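I am opening this notebook to record what I looked up in the structure, entry by entry. The topics are aromatic pairs, pockets, one helix and two backbone angles.

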Amino acid sequence: MGNATSSAISKEILEDLKLSTKFTEMEICQWYENFQKQCPTGRISPEEFEEIYTRFFPEADAKSYARHVFRSFDTNDDGTLDFKEYIIALHMTSSGKTTRKLEWAFSLFDVDKNGYINKSEVKEICQVSVLIVIPISLSF
């Protein structure tokens, strides 16, 4: 693209995101610019993520659910979300393939990350998500 925004994001990450999402280079660069404004460190902490969820769901206790969603998006387990993790999560939850959405749902329920989902994990996620999921599904 040749503008300052596209040079701010590494070419490697840009190409990887173009291949793994349906976003165009311009869209990715716009997302990156907004991400940098909102997260000047280049990372989203669990606390910042909880604040975002709380703003979207002020009537619910979104913190517990946000903690689990954050964990499922933090694919490299470093305790933060970088731009790449953020964009892949955004793509997957908004327009990703059904298979990828199911993989994400599995990772959300696999609380201990052992590759299996047990009854207590299902119960935990259902308890924290009931106030979040029901209002969303009713809004369609």
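Entry 1, burial and an aromatic pair. For what follows I take buried to mean under 20% relative accessible area, exposed to mean over 50%, and partly exposed to be what lies in between. I also keep in mind that this is a predicted model. I first looked up Tyr32, which has a relative accessibility of 13% and therefore counts as buried. Phe83 has a relative accessibility of 6%, so Phe83 counts as buried too.

I then turned to ring pairs, and the count came to 10 aromatic pairs. For Tyr32 and Phe83 I noted ring centres 4.9 Å apart and planes at 85°, and because planes over 60 degrees apart count as edge-to-face, that is how I entered this pair. Tyr32 belongs to helix α3 (residues 25-38) and Phe83 to helix α6 (residues 83-95), so the pair ties together parts that are 51 residues apart in sequence. Both residues are also members of one aromatic cluster, which is formed by Phe23, Trp31, Tyr32, Phe35, Phe83 and Tyr86.

Entry 2, the pockets. The largest pocket has a volume of about 1100 Å³, and I found 32 residues in its lining, with Phe49, Tyr53, Phe56, Phe73 and Thr93 lying nearest its centre. Which helix gives the most to the lining of the largest pocket? I entered α4, which contributes 7 residues. At least two lining residues each come from α3, α4 (46-56), α5 (62-73), α6, α7 (98-109) and α8 (119-138). Sorted by class, the lining of the largest pocket holds 24 nonpolar, 4 polar and 4 charged residues.

For the second largest pocket I wrote down a volume of about 260 Å³ and a lining of 16 residues, of which Ser72, Phe73, Thr75, Trp104 and Ser107 lie nearest the centre. Here α5, α6 and α7 each supply at least two residues of the lining. The classes in the lining of the second largest pocket are 5 nonpolar, 3 polar and 8 charged.

Entry 3, helix α5 and Phe70. The helix α5 has 12 residues and reaches 16 Å from its first C-alpha to its last, which is close to the 16 Å expected at 1.5 Å a residue. Is α5 mostly covered or mostly uncovered? I noted that α5 is mostly covered, with 9 of its 12 residues buried, among them Tyr65, His68, Val69 and Arg71.

I looked more carefully at Phe70, which lies in α5 and has a relative accessible area of 6%, so I count Phe70 as buried. Leaving aside residues up to four places away in sequence, Phe70 touches Ile44, Ser45, Pro46, Phe49, Gly79, Thr80 and Leu81. I also looked up Glu50, which is 20 residues from Phe70 along the chain, and the C-alpha atoms of these two residues are separated by 8.4 Å.

Entry 4, positive phi angles. I noted that Asp77 has a positive phi of about 55° although it is not a glycine, and I located Asp77 in the loop between α5 and β2 (81-82). Lys113, likewise not a glycine, has a positive phi of about 55° and is found in the loop between α7 and α8. The relative accessible area of Lys113 is 40%, so I entered Lys113 as partly exposed.

Notes. Residues numbered from 1 in each chain as written. Predicted model: local features only at pLDDT ≥ 70, side-chain atom pairs only at ≥ 80, totals over all residues. Heavy atoms only, no water. Phe/Tyr/Trp six-rings, centres within 6.5 Å; stacked < 30°, edge-to-face > 60°. Buried < 20%, exposed > 50% of the residue type's maximum accessible area, 1.4 Å probe, protein only. 1 Å grid on protein atoms, 1.4 Å probe; cavity = no way out; pocket = protein on both sides within 12 Å on 5 of 7 lines; lining within 4 Å. Points joined across faces, edges and corners; volume = space filled by probe spheres on them. Nonpolar A, V, L, I, M, F, W, Y, C, P; charged D, E, K, R; others polar. Contact = heavy atoms within 4.5 Å. Expected span 1.5 Å × (residues − 1).
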